[in-house]
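Open the model in your viewer and keep the selection tool at hand. The tour goes stop by stop.

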Amino acid sequence: MKEIWKGERRTGGSGAFAAALSLLSLPYGGLTAVRNRFYDGGVLKQQKLPRPVISVGNLTVGGTGKTPTVIFIAILLKERGYRPAVLSRGYGGGANAAVNVVSDGNRILMGWRETGDEPILIARAAPGIPVLTGSRRLLTGRAAVERFGADVLILDDGFQHRSLFRDIDMVLLDAARPFGNGFLLPRGPLREPPISLRRADILLRSGDAEKGEPLREAASLPSFRAIHKPRGVVAGGTQRIETAAALLGQKVFAFAGIGSPEAFRRSLMELGAAVVGFRAFPDHHPYGRSDIENLRRLATESGAARIVTTEKDGIRLADFPDFLAELFLLRIAMEMTPDEPFAKLIFSRLAVE
């Protein structure tokens, strides 16, 4: 599937499988267009929470940096005296209650199998900030306000969650391939067509900005660059933190089950690590014993001095503490450029509320 997604729209792809996916994209696109038209025309009504809502989302499936952006915004708000809470759908988690409190701001109360990996990562990276999951963000938002006194609600992966009104709508796009191959799901990675950017308030472009081109669909939007910055290397067993420079010149075997594993490999190479072996898994991959045995074997065969993965993958390896103790986890944070204008824009919008 990913190989087909890497193709260009102008080539149209080849083979019966790609043709079948193109046909399946038609009903998906039709349903998406009707749904958006109903919301745009007021036939379907958005419900409003009693506090401002900031949505962080994208047009494509995975890999643009939504989670580190949510963490960045949550910490930014907290540092300025706000009481933010994060609302996530809890993708991949088994908890089915209407409202699941992942963290009350003081303690993490649930495990990744219940909530999915991203809410746990957010809760760890943003201490003091409640994190809740549930399919209806209206309910989790009300709970965040009533139980924890939240005065700003951050909607994780919320651009397509149109049933809830948002005060600031941010959209992340990969700078080099903002619309993937230009096709809607399942023929391509687009969740909805590029024209949907007209709903956004702020555009964030992640990845290699030098390869990016101006987007006519977002010409009038305030635009910022979202930069992934390595912040250190965490020992999986002791949680001891080293600087990212510790990887310089090191032979590493790396693996990742995230939306953009190749971006992770590039980050390691940019830090000066010699990546002598690499294994990519699907996003949110639930690791099993056979995966662990295979990774150990590949790492040994590669002659690596360290095995490195992402913090997000480390969360899903909690069931294998012995293996986790052998790993080093690359910690990534997001930065906005230009920084001050971004913060000023956010707080000016909140001041209007």
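One cut-off comes first: a residue is called buried when its relative accessible area is under 20%, exposed when over 50%, and partly exposed in between. Arg191, at 17% relative accessibility, therefore counts as buried. Bear in mind that this is a predicted model.

**Whole chain**

Show the full cartoon. There are 11 helices and 13 strands in the chain. Its radius of gyration is 20 Å, close to the 20 Å of the globule rule for 353 residues, so the chain is as compact as a globular protein of that length. Along the principal axes, the C-alpha trace spans about 60 × 55 × 40 Å.

Now colour by accessibility. Buried residues account for 50% of the 353 residues. Switch to a surface: about 16500 Å² is exposed, and carbon and sulfur atoms supply 54% of that area. As for contacts between residues at least 6 apart in sequence, 72% join residues at least 24 apart.

**Helix H2**

Select residues 16-40, which form helix H2. How far apart are the end C-alpha atoms of H2? They are 36 Å apart, which agrees with the 36 Å expected because each of the 25 residues counts for 1.5 Å. Show side chains next. Ala18, Leu21, Ser25, Gly29, Thr32, Asn36 and Tyr39 are buried in H2. Step just past the helix to Gly42, where phi is positive, at about 85 degrees.

**Salt bridges**

The whole structure holds 21 salt bridges. Three are worth a visit here.

Start with Asp40 and Arg162. Their salt bridge has its closest N and O atoms 2.9 Å apart. Asp40 sits in H2, while Arg162 is in the loop between strand S5 (152-156) and strand S6 (168-174); the two are 122 residues apart and link distant parts of the chain. Are these partners buried or exposed? Asp40 has 42% relative accessibility, so Asp40 counts as partly exposed. Arg162 has 7%, so Arg162 counts as buried.

Go on to Asp157 and Arg191. Their side chains meet in a salt bridge at 2.7 Å, N to O. This pair, too, links distant parts of the chain: Asp157 is in the loop between S5 and S6, Arg191 in the loop between S6 and strand S7 (202-206), 34 residues apart. Asp157 is partly exposed, with a relative accessible area of 25%. Arg191 is buried, at 17%. Before leaving this region, add Arg198 to the selection: salt bridges with shared partners join Asp40, Arg162 and Arg198 into one network.

Next, select Arg316 and Asp117. Their salt bridge is 2.5 Å, N to O. Arg316 lies in the loop between helix H9 (311-315) and helix H10 (321-324), and Asp117 in helix H5 (residues 117-125). This pair links distant parts of the chain, 199 residues apart. Both Arg316 and Asp117 are buried.

**Pro261**

Finish at Pro261, in helix H7 (residues 261-270). Its relative accessible area is 15%, so Pro261 is buried. Which residues is Pro261 in contact with, leaving aside its neighbours within four places in sequence? Select Ala256, Phe278 and Ala280 to see them. Then draw a distance from Pro261 to Gly63. Their C-alpha atoms are separated by 8.3 Å, although the two residues are 198 apart along the chain.

How values were computed
Residues are numbered from 1 along each chain as its sequence is written. This is a predicted model: local features need pLDDT of at least 70, side-chain atom pairs count only at pLDDT 80 or more; totals for chains, interfaces and linings use all residues. Side-chain values use heavy atoms; hydrogens and water are left out. A salt bridge is a side-chain nitrogen of Lys or Arg within 4 Å of a carboxyl oxygen of Asp or Glu. Helices (H or I, at least four residues) and strands (E, at least two) are DSSP runs, numbered from the N terminus. Buried means under 20% relative accessible area, exposed over 50%, partly exposed in between (1.4 Å probe, protein chains only). The expected span of a helix is 1.5 Å times one less than its number of residues. Contact means heavy atoms within 4.5 Å. The radius of gyration is taken over C-alpha atoms; the globule rule is 2.2 Å times the number of residues to the power 0.38. Accessible areas come from the Shrake-Rupley method with a 1.4 Å probe; for residues, only the protein chains shown count as cover.
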